[in-house]
Amino acid sequence: MENITKDASPKSVNSEQPYRTGYHFQPLKNWMNDPNGPMYYKGVYHFFYQRNPDGATFGHEKMVWGHSVSKDLINWTHLNDAIEPSCIGDSKSCFSGSATILPGEKPLMLYTGIDGKGHQVQNLAMPKNLSDPYLREWEKHPQNPLMTAPSGVEENEFRDPSTAWQGKDGKWRVIIGAQKGDQGKAILYKSEDFVNWIVDPNPFYATDGTGVCECPEFFPVYINSTNGVDTTMENSSVRHVLKISYYRRHLDFYFIGKYASDSDQEKFIPDAKYTETYKDLRFDYGLYYASKSFFDYATNRRILWGWVEEHDSKQDSIDKGWAGLQTIPRKIWLDKSGKQLIQWPIEELEKLRDKQISITGETLLSGSILEVKGVTASQADVEVLFELPDLQSAELLEPSEVDPQILSAEQYASRKGMIGPFGLQVLASKDITEKTTISFRIYRVVDKYICLMISDPSRSSLRQGLTKPIYATVFDIDPNIKTISLRTLIDRSIIESFGDGGRACITSRVYPLLAIEKDAHLYVFNDGNQSVVISQLNAWIMKQAEFATES
Ligand code: DQQ
């Protein structure tokens with residue numbers, strides 16, 4: 001790489017900026033939101049993202065696409081902005097979009113522009129020089145905008161083209177998020193040449209009462225493999241996933257189902273409808289939005305990115321000079337049950353694992369707390385396998401009580417549990433006045449067992465003025481289960497937790513006052529009546545990822 005400067009020494013950045021992360025993706029400064037157009041091209045991973053070039057808050061009328069490249073999805077070089085307002089289709093902003101790699105290794109970007117009237121329209125951008133693996137320069141198609149809001153779609157609620165796929169008839173398809181009245185929809189367009197697009201009169205997917213569907217995604221997953229698959233694949237070896245970011249709830253939901261491509265009305269038929277209850281499937285039950293995945297054909301993985309916003313104030317963002325993080329890229333695949341996706345941090349992250357502390361076969365009696373000593377726990381990767389007691393002793397719940405919202409509320413959480421809560425206390429101060437708790441608690445419901453997983457930052461900071469919601473989810477567990485795993489990625493102001501091998505994920509943002517740098521501690525605890533055993537715990541201090549800037 002020529003003309004690369006390493007960004008300011010991490011130490012100095014972090015002592016003034018305790019909440020800047022050590023290994024999660026961040027630009028040098030300013031506001032960042034949605035991941036855009038991630039892809040692999042000629043040996044290089046590309047990551048684009050929504051960015052305000054002028055400041056640390058969302059840039060109404062001036063959003064651009066930031067651009068960074070990497071060989072391993074962990075260490076990054078920031079390049080110049082890739083897509084900025086420059087044509088009639090995007091004079092007021094370049095909003096989110098996706099990459100499609102056409103046959104012959106030709107990457108194209110479909111993205112939303114805000115035009116001079118403030119309307120949302122869809123544009124095409126192409127790399128200027130395909131022999132540059134960094135794809136530093138992008139140009140706009142002269143016919144932009146290629147799509148304006150069709151009838152039945154509001155002009156201000158028409159955005160975020162997905163990655164396109166090719167149907168059996170050879171035509172390209174793309175879905176775009178939209179709204180009419182209170183109905184949210186993903187509308188389908190088709191094209192023979194990627195430039196002239198024709199809207200399908202029937203929505204590909206629609207939900208009443210949801211408001212606009214942002215950042216829709218549509219991709220296949222193998223039924224019997226953890227490998228990823230190209231977006232165009234359509235045969236009996238795959239099922240399809242539709243992801244919608246519902247603006248009104250500011251949450252990402254996904255649906256597994258059937259791509260009815262042969263019927264008169266080409267559409268997606270989900271196995272389970274959106275219910276607006278805890279039963280809806282989500283990639284992450286914490287702070288997480290506008291996610292975007294891509295098929296990494298170099299390693300045959302589908303990799304998912306997600307935006308994690310701030311939970312301190314707007315003024316804090318201005319003072320910090322930045323806002324917004326991305327999760328660690330996660331490999332995703334269909335669970336053997338076919339009923340949900342599984343997620344796991346990409347294995348490249350493990351290169352950053354440094355000093356390791358292990359605990360094996362330690363019993364955690366009721367009410368015990370054990371410090372994991374020797375690990376600077378402000379930047380760590382922790383994996384624990386808990387051995388469970390006999391499940392028969394689990395508390396009984398009525399089916400009507402099975403709701404993570406109810407179970408994580410004070411009234412239930414304050415009751416002493418039988419099996420759990422047990423788990424980790426992370427980014428904790430020495431005296432534990434500050435801590436974020438990630439816990440499991442097992443219940444019996446009629447003839448099955450469920451696990452409640454909670455990420456609770458309510459005591460994460462002595463600072464005032466922070467938003468500290470308790471996040472929770474429940475999932476069924478096998479009645480013969482003997483162990484349950486928890487992996488937590490701790491990185492100064494972000495905590496990403498993966499329960500039961502990636503079946504349930506929860507991300508939180510925290511801003512401790514005491515538990516920073518060397519003063520961040522890590523504990524394992526058990527508050528349930530029954531003992532649990534730490535079958536195996538491994539905690540690694542995480543090295544700093546490299547972030548460089550090309551000048
Ligand atoms: N963010 C983008 C929009 C998208 C929203 C603008 C989702 O394109 O709908 O920054 O966070």
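This passage describes the domain arrangement, the interface between the domains and the surroundings of the ligand in a predicted model.

The protein chain is divided into two parts, with domain 1 spanning residues 24-327 and domain 2 spanning residues 351-543. Taken over C-alpha atoms, the centres of domain 1 and domain 2 are separated by 33 Å, and the contact between them draws on 19 residues from domain 1 and 22 residues from domain 2.

The size of an interface is often given as the accessible area lost when the parts come together. By this reckoning, domain 1 and domain 2 bury about 1800 Å² between them, and carbon and sulfur atoms account for 54% of that area. On the side of domain 1, Tyr278, Tyr285 and His311 together supply 39% of the area buried against domain 2, a share that exceeds that of any other three residues.

The interface also includes charged and polar pairings. Between domain 1 and domain 2 the count of salt bridges is 3, and across the same interface 14 residue pairs are found in polar contact, with both residues of each pair at pLDDT 80 or more. When the residues of domain 1 that touch domain 2 are sorted by class, 8 are nonpolar, 4 are polar and 7 are charged. A salt bridge also joins the side chains of glutamate 310 and arginine 509, with a distance of 2.8 Å from N to O.

The ligand is surrounded by Asn33, Asp34, Gln50, Phe58, Phe95, Ser96, Arg159, Asp160, Glu214, Tyr289, Ala290 and Trp307. Several of these residues place polar atoms beside oxygen atoms of the ligand. In the side chain of asparagine 33, an N or O atom is 2.9 Å from a ligand oxygen atom, while for the side chain of glutamine 50 the corresponding distance from an N or O atom to an oxygen atom of the ligand is 2.6 Å. Serine 96 contributes through its backbone, an N or O atom of which lies 3.1 Å from an oxygen atom of the ligand. Of the 310 Å² of accessible area that the ligand has on its own, the protein covers 94%.

Key: Residues numbered from 1 in each chain as written. Predicted model: local features only at pLDDT ≥ 70, side-chain atom pairs only at ≥ 80, totals over all residues. Heavy atoms only, no water. Domains from an automatic or database assignment. Contact = heavy atoms within 4.5 Å. Buried area = accessible area lost by both parts, 1.4 Å probe. Salt bridge = Lys/Arg side-chain N within 4 Å of Asp/Glu carboxyl O. Polar contact = N/O pair within 3.5 Å; in protein donor to acceptor, adjacent residues only side chain to side chain. Nonpolar A, V, L, I, M, F, W, Y, C, P; charged D, E, K, R; others polar. Near = heavy atom within 4 Å. Areas by Shrake-Rupley, 256 points an atom, 1.4 Å probe, with all protein chains shown as cover.
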